[in-house]
Structure formats: C-alpha cells, structure tokens
Amino acid sequence: MRIVIRFMHKYHVMKEKSGFNTRMVHAGSEDDQWGSAVVPIYQTSTFSFENAQHGADLFAGKRKGYIYTRIGNPTIHALEENIASLENGYGGIATASGMGAVSTIYLALLGQGAHMISTASVYGPSRSIMENHFSRFGVTSSYVNTSDIENIKKNIRPETKLLYLETPSNPTMELTDIKAAARLAHEHKLLVVVDNTFSSPYLQNPLDLGADAVLHSVTKFINGHADVVGGIIVTKTPELYNLIRPVMVGMGLNMDPHQAFLVHRGVKTLSLRVEKAQKSAMEIAQWLEQHPKVEWVKYPGLPSHPQHDLAKKQMKGFGTMISFELKGGYKAGEELMNHMQVALLAVSLGGVETLIQHPASMTHSGLPGKERLEAGITDGLVRYSVGIEDTQDLIADLQQALNQV
Ligand code: LCS
C-alpha cells in the first residue's frame, strides 16, 4: 500500500506578499510532502506511475507530477520555483551550466535566417558559440555596444528576432539601460533576454524592467560557494516558458538533482553574501582608484563609472565585481596574478572566496586580438571578484602584489 501524505508548509499562505529575503529562504520548499525544512535530493532517474491511466495523464499534461528526471524532478523544481520567485517571473528552467542556459535561449528563440543583436562585451563563449556554431545553421548576429541604444536601433533588421543583453558585462562592467532597450526592442517585436549573472536577482530584476526572460550562470552568485556549475532561465510568461522548456528537455541540457540541492542551499544566503562583499568592493574600488600603478577602475559604484547614474537607477546595489587597468599592460597583468596571496588566481566569480583573473590571457584569450580590443578587453585589464574575507586583508593583499609589479 502506498503512503500518501499531502503536507503544506504554511508559507503557501503568505507566499505572494513576502519580501526578497523571505522568498530567498522559503520559496520552492513549500510543496515538500513530508514537511522537510530542506527539499531532499531526489536522486532518481525515473518515477513510477500508480497505473496506466496515471502515466498517460502525466504524459498528456493532464496531471501534475514527475515522469523522468531529464523532464523534471522535485529537487530541481524546488530550485526553479525559488529563482523564478526571486526574479519575479512565471517559471524557472534549470540547466546543466550557464552555457546550457545561453544555448537553450539561442536554440529556442532563433532559427534558420534569424538575426540577433547582442552586447559586444558579453561573456566570451556566449559570443563564440553564436559566431562559430549557430552561424553554421544560418543564424546571424551583430555585436554592438548596447550601452548606446542608438547602436541597437541601427542594427535592427526585418529578420531580427532577439536582443540579448548582458549588464553589467563580463569583464568590462559596461551597463545597458534595460528599460530603454526593451522598449525599443518591443516596438520592433524582438524578444529581450538579459544575462543577469553579474548582478544576481538580489541586485537587479530585468523582468521588472521589461525583459521577456532572464538567465544566470548559477555557478556564480546564486550558488556562491565555487562548488557547482549550473544555469537557469526564468521567463516572464507561461507562453515563453512552454516554448523554451521543451528545447532544454529535448536537448538534454537539464540540471542534476544533486547540483540543484547544492544551488538551493547556496541561494538561501545570497543577500547576506552580496551585502558583505559589495561593501568591501566599494572600499577596494576607491582604494584602487588612487593607486599610482592603476590606470583606471571600472566599478558601477564609483562616480567615475560612465553609467554610475544608470547603475543607481537600475540596480539595487553596485555589486562585487571590479575591473581595473594596470599601467604596465599585459606583463603587469601577469605579474600581478603571480603575486596574489589571498585572492585565488582563478576564473569564475561570485563566490565567497575572492578571485582574480587576467581576461586577455584567460577568459577572453579565445577572441581574436582585434575583436578582443573592440570589446574593451585591453592587455592590462584585471577582473577582481570580491568575496567575503576581511576587507583589510584583501586590500593588504592587493597592496603587496602591486608593490611587486
Ligand atoms: N554568463 C556569464 C555572464 C558568465 O560570466 C558565465 C561564466 C556564463 C554565462 C557561463 O556560465 P557557466 O557555463 O560557466 O556556468 N563566466 C565565467 C567567467 O567569467 N569565468 O569563468 C566562467
């Protein structure tokens, strides 16, 4: 005999009107039938049906439930519901990696003959998969500086279907006015997708600013502990969710239950981690800006940032990512990397540990030199992801390393 327990957390009652931190902790967990505080890892590939009719109903979408983990799984669903709530969207679609989310968007929203306009300084692989692979299937793209809305306008063609933005962009920290870009795009019937990885849902909610879908590499802030690779898409409407989800499922780009469990555990402290790290980031950015070996610093919280006013309007905080240019170019970049002691010399970002990397020789080394420079990735550019260590230790670390450059 089956034990069927239907338990509802009382959180259901006040779900709709909760604040960000309450949703961060509780959203997605309320359906667990045993009332467990933490949604467990449903480490199963498949789910049994009560009888033939039950199976048929699940396949026909007439009943809610689970069939097979590539299609859906309670642990993954809990995370999807959580992030959808934090982004004020309809539903979440979790993917194996951030690039899985990017690929799913391109696959679902573009096709033979379609054209996409995108931010020039997007994360390198988001651009290279488009130019090297999607191009083979007849998709065209224009990479422009989307900080200037005129550049978007000038590149809209009859076959343009998608405006794909990343703001702040990786690693140049350029901002795009999501509201203005979405308004223009919608006048021309384009869909708007924003890669919100650099802000996290705590600092920016693109769906509220007019975007149709938002995506994250959850590898970064959402998980926050440098121990999982994953991605997620959140759509504004059920229609877009129903268009995108089957593409992810069909292509096998799904997240795994164990991954989802860890990411869900991580997201519950998102706001605390971001608050602590962005406080340090502001102090570090100010300190770097007056350092004689630093040419310039790009941090949205500094008045010197070209879009400081937009950052104040569009973001709820200035984040934890800092880019700066060393006076000595490529060589100085390499030297700084070799002398860091607290910050780990590593790609990725948004975790509790501070990371430093040199885009010209690391994340963006795959881009041809001309395109790299056009995208603003100069030879002495350093990307610094502030963690939650003591601010003074991070400044002392930069100080001793800069002394040796
Ligand atoms: N979007 C952005 C803005 C990213 O920064 C990354 C990864 C991705 C998408 C892809 O996510 P993944 O598949 O790695 O989960 N960014 C990285 C970076 O800057 N260094 O290492 C990875």
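1. Domain bounds here come from an automatic or database domain assignment. Keep in mind that this is a predicted model, where local features need pLDDT of at least 70, side-chain atom pairs count only at pLDDT 80 or more, and totals for chains, interfaces and linings use all residues. Residues are numbered from 1 along each chain as its sequence is written, and side-chain values use heavy atoms, with hydrogens and water left out.

2. Have a look at the second largest pocket (a pocket is an open set of points on a 1 Å grid over the protein atoms alone, where a 1.4 Å probe fits, with protein on both sides within 12 Å along at least five of seven lines). Because domain 1 (10-267) and domain 2 (270-402) both give residues to its lining, this pocket lies between them.

3. The lining of that pocket (residues with an atom within 4 Å of a point) has 22 residues, and Y123, N170, S217, T219 and K220 lie nearest the centre. Two or more lining residues come from each of α5 (98-109) and β6 (213-217); helices (H or I, at least four residues) and strands (E, at least two) are DSSP runs, numbered from the N terminus.

4. Now for strand β12 (residues 381-385): five of its five residues are buried, meaning under 20% relative accessible area with a 1.4 Å probe, protein chains only. L381, R383 and S385 point one way, V382 and Y384 the other.

5. What does β12 pair with? β9 (residues 321-326) pairs with β12 in the antiparallel sense over five bridges, and β11 (residues 355-357) does so over three; pairing takes at least two DSSP bridges between strands. I322 has Y384 as its bridge partner, while L355 stands opposite S385.

Key. Buried < 20%, exposed > 50% of the residue type's maximum accessible area, 1.4 Å probe, protein only.
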